[in-house]
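Reader: I would like a close look at one part of this model, and then a word on how that part sits in the whole chain. Please go through it step by step.

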Amino acid sequence: ADSISITNGSSLQSSTSGIGNAGTVLLNSKGNVEVIGSKIESDIFDFASGAGNAGDIFVKAPGLVNVFDSEITSEVLSPDGAGNGGTIFISGGSISI
């Protein structure tokens, strides 16, 4: 995409609540990426019956990556702690968090 905007309480999510892994989230822009007042998540939920892993999150742009008043998470929300959180990669010509 030429630019990507996730704003106004939007949510981009990859998750699992069973056996298996959450997916990877990739935002790859030719210009800028803005995430304002929103969430990007790749999570394992607390009622998961398996031991899957949260996915990685990639945010890439040659221009500005602007993350304001937002959450970017890759975590295991399980009481037994089974599985691992993913890695969050942010790459841009300039980054504002």
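Author: Strand 3, residues 25–28, has two faces that differ in cover: Val25 and Leu27 make up the covered face, while Leu26 and Asn28 lie on the uncovered one. The model is a predicted one, and the description of this strand should be read with that in mind. Why do the residues of the two faces take turns along the strand? In a regular strand, side chains alternate between the two faces of the sheet. Val25 and Leu27 therefore share one face, and Leu26 and Asn28 share the other.

The next point is the partner. Strand 3 pairs with strand 6, which spans residues 57–68. The pairing is parallel and runs over four bridges. Within strand 6, phenylalanine 58 is the residue that stands opposite leucine 26. Leucine 26 is also one of the two residues on the uncovered face of strand 3.

Now the chain around this part. Its secondary structure consists of eight strands and zero helices, so the order from the N terminus is β-β-β-β-β-β-β-β. The radius of gyration is 14 Å, close to the 13 Å that the globule rule gives for 97 residues, so the chain is as compact as a globular protein of that length. Along the principal axes, the C-alpha atoms fill a box of roughly 40 × 20 × 20 Å.

Contacts and cover complete the picture. Of the contacts with a separation of 6 or more, 77% are between residues 24 or more positions apart. Buried residues are 34% of the 97 in the chain. The accessible surface comes to about 5,200 Å², and carbon and sulfur atoms account for 47% of that.

Conventions
Residues numbered from 1 in each chain as written. Predicted model: local features only at pLDDT ≥ 70, side-chain atom pairs only at ≥ 80, totals over all residues. Heavy atoms only, no water. Rg over C-alpha atoms; globule rule 2.2 N^0.38 Å. Buried < 20%, exposed > 50% of the residue type's maximum accessible area, 1.4 Å probe, protein only. Contact = heavy atoms within 4.5 Å. Areas by Shrake-Rupley, 256 points an atom, 1.4 Å probe, with all protein chains shown as cover. Pairing = 2+ DSSP bridges.
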